[in-house]
Amino acid sequence: MSKLPAATRDWLAGPGLTSLWEAVRKRLESNGVQATGSLRLTSVSVQERNDLSLLLGKPVTGTAVTVRLDALDTRLRASAAGLGLREVLEELGPPLTDRRAVRAGIAARREHVWSSLASALDASPLAGQDWTGQWYDLLRRTGVPRGVPPETAIRTLQQAVQVLTVLLGPERGGTRGRGELAALATGSAHGLDDGTWLARLVQRGIALAHGTEFPGDAAGRRALWRLVSVTPDEVSSTVLTYGLRPVGGGWREQDLRQRADHHAEAHLTSRDLHDLQLQLPAGTVIHICENPRVVEAAADAACVHALVCTSGSAATVVLTLLDALAATDCRFAYHGDFDWPGIALANRIIRRYGARPWRMGAEDYEHLAARSQADGIPQLPLDGQPVSAAWDPGLAPAMTARGVALHEEVTLDLLVNDLSGLA
């Protein structure tokens with residue numbers, strides 16, 4: 001039930017006073033909800049002047065008027081309203097928000113986050129180590145990620161201290177898996193997955209403790225974990241290969257050569273790549289494709305040339321293999337999809353490894369588009385934002401003009417011919 005008499009409420013809520021209440025509400029919410037100071041209304045209409053004159057008990061004749069909030073509060077209390085300024089505003093609209101108090105509360109909760117971290121560090125075996133002060137200062141400067149509530153932030157920072165104590169404290173143990181470490185600290189084996197805030201917090205601490213730069217890529221972050229004897233998951237992600245013939249004498253090298261002899265593909269894990277001696281004759285040409293179907297077709301056709309598949313956007317394990325092959329002075333040829341994500345991936349691979357485009361020019365695209373149309377193959381619309389091909393300025397305009405996307409499978413016969421040495 002309203003505390004205002006119905007007739008009084010209807011008059012106060014009328015259009016002649018709307019601008020006043022909006023201005024007063026804004027002022028009170030910004031000054032601690034205190035009826036102090038004054039505000040100035042401009043462009044006051046005739047109806048507003050009449051209603052303000054009645055409300056303030058004095059004539060308002062101009063198009064601008066200054067309203068003292070304490071006087072308005074007193075006037076309302078003595079009127080038929082019988083309520084102060086704050087109570088009237090809340091009768092006419094939603095409750096007032098003390099924005100000053102809200103800001104103070106946010107600041108207090110933010111400060112509590114960092115004081116909790118300082119307390120956790122002081123109480124841990126890490127206290128007094130040179131890097132911990134740098135870590136605390138760095139985290140405070142970068143702040144809590146947007147959307148993380150203070151309670152979650154405190155818990156995550158305390159988990160980071162716990163993990164770093166295990167890794168860098170006086171009782172550090174032997175080698176352990178990252179999932180195992182995460183489960184002990186968070187209850188979830190994914191708590192330290194790459195990209196999580198907790199993983200970044202811990203990695204920052206490791207980098208500072210070892211005086212090294214924070215890595216900018218997944219391979220560097222895995223190397224950082226190894227500095228503290230933590231093994232990331234190195235077996236679930238693989239790179240699909242065909243025809244690799246490393247010259248080393250170990251069983252892994254022999255296995256790859258045997259698989260090449262039998263025209264069988266090979267899935268290599270990150271762990272495999274650590275132990276392989278990937279020495280190939282200098283100048284060996286490694287063909288790179290985007291889609292696993294090309295590898296399958298190459299194996300079926302007993303092709304002679306080596307092939308590495310990115311399986312889409314080229315995960316870290318793919319780049320790790322290609323980096324290792326590049327270090328042995330291998331040369332590369334790249335083919336991918338004729339769509340915008342495919343061109344973007346081709347740009348990255350070609351620039352990173354100095355690869356030559358393999359049937360990836362504008363003429364290749366035009367030939368394949370015309371052939372697929374003549375063969376009655378349904379035309380796949382080319383969607384998305386155009387991407388310029390670094391190796392052929394004419395490719396993107398040709399693709400845009402036709403508006404047709406071509407996946408690698410429509411080039412399969414030509415690619416297999418190349419890999420068979422028949423081209």
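This dialogue walks through one residue, one sheet and one cavity of the structure above.

Biologist: Before we start, what kind of model is this?

Modeller: It is a predicted model, in which local features need pLDDT of at least 70 and side-chain atom pairs count only at pLDDT 80 or more, while totals for chains, interfaces and linings use all residues. Residues are numbered from 1 along each chain as its sequence is written, and side-chain values use heavy atoms, with hydrogens and water left out.

Biologist: Is arginine 257 buried or exposed?

Modeller: Buried means under 20% relative accessible area, exposed means over 50%, and partly exposed lies in between, with a 1.4 Å probe and protein chains only. Arginine 257 has a relative accessible area of 25%, so it is partly exposed.

Biologist: Where is arginine 257 found, and which residues does it touch?

Modeller: Helices (H or I, at least four residues) and strands (E, at least two) are DSSP runs, numbered from the N terminus, and arginine 257 is found in helix H12, residues 251-261. Contact means heavy atoms within 4.5 Å; not counting residues up to four places away in sequence, arginine 257 touches Leu244, Arg245, Pro246, Val247 and Gly248.

Biologist: In what order do the strands of the open sheet lie?

Modeller: Two strands pair if DSSP finds at least two bridges between them. Here 6 strands form an open sheet in the order S6-S5-S8-S7-S9-S10, with mixed pairing. Its edge strands, each pairing on one side only, are S6 (266-269) and S10 (356-357). Strand S5, residues 238-242, pairs with S6 in the antiparallel sense over 4 bridges, and leucine 268 in S6 is the bridge partner of valine 239.

Biologist: How many cavities are there of 30 Å³ or more, and which residues line the largest cavity?

Modeller: On a 1 Å grid over the protein atoms alone, a cavity is a set of points where a 1.4 Å probe fits but cannot get out, and lining residues have an atom within 4 Å of a point. Grid points are joined across faces, edges and corners, and a volume is the space filled by probe spheres set on the points. By this rule there is 1 cavity of 30 Å³ or more, and about 30 Å³ of space lies in the largest cavity. The largest cavity is lined by Thr241, Tyr242, Gly243, Leu244, Leu256, Arg259, Ala260, Ala264 and Ala266.

Biologist: Which element gives the most to that lining?

Modeller: H12 gives the most, with 3 residues, and S5 and H12 each supply at least two residues.

Conventions:
1 Å grid on protein atoms, 1.4 Å probe; cavity = no way out; pocket = protein on both sides within 12 Å on 5 of 7 lines; lining within 4 Å.
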